[in-house]
Amino acid sequence: MAVTDSARTVTHGDVPLPSLIFRVNALFLRHEWIRGYTLLSPTLLVMVMLMCLPVFMLVTYSFWTQNYLDIDRTFTLANYEAFFQKPIYVALIMKSIRMSLFCTFATIILAYPMAYFIAFKVKSNKLVWLILITVPFWTSYLLRVFAWKVILGYNGVVNSGLISVGLIDEPLQFLLYNPTAVVLTLAHAWAAFAILPIYVSLEKIDRSYLEAATDLGDTPSERFWRVTWPLSLPGVIAAGLLVFIPTVADYVTPRLVGGTTGIMIGNIIQSQFGKANNWPLGAALSVIVMLMIAFLVVVFIVTTTRGRAKSA
Amino acid sequence: MTDTTAPGGSLTAQKAAQDQRGEEAPQYFASKHEGYHWTAEAPMFLYAVWYLAFLYIPVLFLPLFSFNDSIYVAFPLKGFSLEWYGDMVSTQQLLEALANSIKVGGAVAVLSTILGLFAAKAMTRYVMPGKGAITAFIMLPLVVPGIILGISLLVITNMVGMELSLYTIGLAHTLVSVPFAMLVLISRLEGFDKNLEEASLDLGEGPFRTFFRVTLPLAWPGILASLLLTFTISFDEFILAFFLAGNEATLPVYIWSQLRFPSRLPMVLALGATILIFSFFIVTVAEVLRRRGVGPQSGSAI
């Protein structure tokens, strides 16, 4: 072939074009991974431009300071000092983590039996059940949270409903604008995030393990704790992370149903980019939140996997 | 969730498994020979129904009260009224926001599905080092809190001197839609026999013609599902849009701005109900498209 010939004849000096094309082609044909990464490169490039670069800039921004309307671009740790000097920030982060952990725990406890039911008990119509639990997951987060404001409000669904059936005379004050309302709303809004990974890990369990456990004399509950539960742990861990990480920094739910006592760190960060207009401080706060989340996730993964290794 | 292992066996084997499942009498509960009894199953079934109620009922209050003839969202219901829907369609700002949301959603759907298809094809058809790490990287926007992505993009937009506009919202939405598009398309591409593509290549078609004549037609339900889902994600997304909206609002940003006014509440309910029903419809179509012929066991659940 012409291309091969030209490639062979050239030994040194300027590389003629056909030879270059040949070499690139040969590289592509020889290395599968090069073809794979070429195909992947547009997506990766977009992800880097829209995620890595912005987050890097956010970190940089956290070392600058707000000088009235301008940004002072000299490197300083002032924002981080401000964080540690004001106990309110530390307290708010701790409170956000507590609320988010509580919400994660509640979501998983509620979701596990449902995932178990679909994985093991539903024999036909599995598709219908799966679609039923997935559909709310895709619909507007804002509207799902807003629905709870309507339900729990002073003149809301619960209060007016209880009054009209005569159970109470005065609207209950404690329903809305507190941390419990935030946890409840978050647990509802993130439910589908917990069900799906747990379902997948349960579905993948080899049914012959369960039969073996029964044949060897395990009672159903022994079998669950010794076979099903450990094998479903990866799903439970994934569900935990998927609910915990986004809820720590949420600001929509606390804003709509949290009131003053249900406020979370996300609200403070948001206000730095809004009314308070101190972007560098907001950037520093979000960097701290990211580090806290990363730390907790690592601790969580290490402890859970170590626990599993021990029990195995 | 990130698990996308191939379903065991080929398409025909899956089909056979499904047929077998279909042959059993339609029943929710395992039969007795598996060691279960109806009485033991009943609480689980009741729990499942209760859980679905927990998932759906809170949201259903929006449509319920949107037809209520009162500006107060409270029981007892006053009477049936379409007044709020009338308000809704005659509000100019709202219609503009709707048009913006459709524009952004359409662009995001096309862009993220193309990017998702590139990634899904690379992930399913090539042996590459570091595949797990790359998958995790592309999935990151699903777990990074929305507020972090939002302010990061806001900061960089500000630094490069770009104006906040529908374009910035669209870029942000593309970022969070690509992982979903990739997941949907990976499970679709894994769902059909890879040999079909190889046969086409062996028979002398080039990679491009193979893609358009074999891969694309077979992946089509997945592509359509991805377009619909990513459109819905963008259409309903609020957190990123809130930070990145310029003068032109999308629908969720418009709703947020109206929440301050108690008198606008019924109209917001009507709008919310419409959006919910619209999203439910699109998503159900997408889910049916996506899961049909792939089998419930296969790969990613979300």
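At what angle do helix α6 (residues 126-138) of chain A and helix α12 (residues 265-291) of chain B cross, and within what distance do their axes come? The first legend below has the answer. Keep in mind throughout that this is a predicted model.

**View 1. Helix α6 of chain A meets helix α12 of chain B.**
Here the two axes come within 9 Å and cross at roughly 135 degrees. An angle over 145 degrees would count as roughly antiparallel, and this pair is therefore called oblique instead. As for handedness, α6(A) and α12(B) make a right-handed crossing. On the α6(A) side, look for L127(A), L130(A), I131(A), T134(A), V135(A) and W138(A). Facing them from α12(B) are S279(B), F280(B), V283(B), T284(B), E287(B), V288(B) and R291(B). Sorted by class, the contact between α6(A) and α12(B) has 8 nonpolar, 3 polar and 2 charged residues.

**View 2. Chain B where it touches chain A.**
Step back from the helix pair and take in the whole contact: chain B puts in 82 residues and chain A puts in 80 residues. On the chain B side, the largest share comes from helix α2 (residues 38-66) of chain B, with 14 residues. That side of chain B is made up of 64 nonpolar, 10 polar and 8 charged residues.

**View 3. Chain B by itself, helix after helix.**
What would you count in chain B, going by helices and strands? There are 12 helices and 0 strands, and the pattern along the sequence reads α-α-α-α-α-α-α-α-α-α-α-α. Of the 302 residues in chain B, 45% are buried. Now take the contacts in chain B with a separation of 6 or more: 79% of them link residues 24 or more positions apart.

**View 4. Helices α4 and α7 pack together in chain B.**
This one stays inside a single chain. Helix α4 (residues 92-125) of chain B packs with helix α7 (residues 166-191) of chain B, their axes 6 Å apart and the angle about 40 degrees. Angles under 35 degrees count as roughly parallel, and α4(B) and α7(B) are therefore oblique to each other. The α4(B) and α7(B) crossing is right-handed. Their contact has 17 nonpolar, 9 polar and 3 charged residues.

**View 5. M123(B), a residue of helix α4 in chain B.**
Is M123(B) buried or exposed? Since 20 or more C-beta neighbours make a residue buried, M123(B) counts as buried because it has 23 of them inside 10 Å. Leave out the residues within four places in sequence, and M123(B) is in contact with K131(B), T135(B) and I186(B). For a sense of scale, find F208(B): it sits 85 residues from M123(B) along the chain, and their C-alpha atoms are separated by 18 Å.

**View 6. I239(B), in helix α10 of chain B, touches both chains.**
Helix α10 of chain B covers residues 239-244, and I239(B) lies in it. I239(B) counts as buried too, because it has 25 C-beta neighbours inside 10 Å. Which residues does I239(B) touch, not counting those up to four places away in sequence? From chain A there is V252(A), and from chain B there are G146(B), I147(B) and G150(B). I114(B) is 125 residues from I239(B) along the chain, with 24 Å separating their C-alpha atoms.

**View 7. Two residues of chain A with positive phi, Y177(A) and N277(A).**
Most residues other than glycine have a negative phi. Y177(A) has phi near 60 degrees, while phi of N277(A) is near 45 degrees. You'll find Y177(A) in the loop between α8 (157-164) and α9 (179-189) of chain A. N277(A) belongs to the loop between α14 (265-272) and α15 (279-311) of chain A. How about their surroundings? Y177(A) is buried, because 21 other C-beta atoms lie within 10 Å. N277(A) counts as partly exposed, because it has 13 C-beta neighbours inside 10 Å.

**View 8. Helix α2 of chain A is hardly covered.**
We end on helix α2 (residues 17-30) of chain A, which has 14 residues. From first C-alpha to last, α2(A) reaches 20 Å, close to the 20 Å expected at 1.5 Å a residue. How many of the 14 residues in α2(A) are buried? The count is 1.

Conventions
Residues numbered from 1 in each chain as written. Chains lettered and ligands numbered in written order. Predicted model: local features only at pLDDT ≥ 70, side-chain atom pairs only at ≥ 80, totals over all residues. Contact = placed C-beta atoms within 7 Å. Helix = DSSP H or I, 4+ residues; strand = E, 2+ residues; numbered from the N terminus. Nonpolar A, V, L, I, M, F, W, Y, C, P; charged D, E, K, R; others polar. Buried ≥ 20, exposed ≤ 12 C-beta atoms within 10 Å, placed from the backbone. Axes fitted to C-alpha atoms, helices over the stretch in contact; angles between N-to-C directions. Parallel < 35°, antiparallel > 145°, perpendicular 65-115°, else oblique. Left-handed = near helix turned anticlockwise from the far one by under 90°. Expected span 1.5 Å × (residues − 1).
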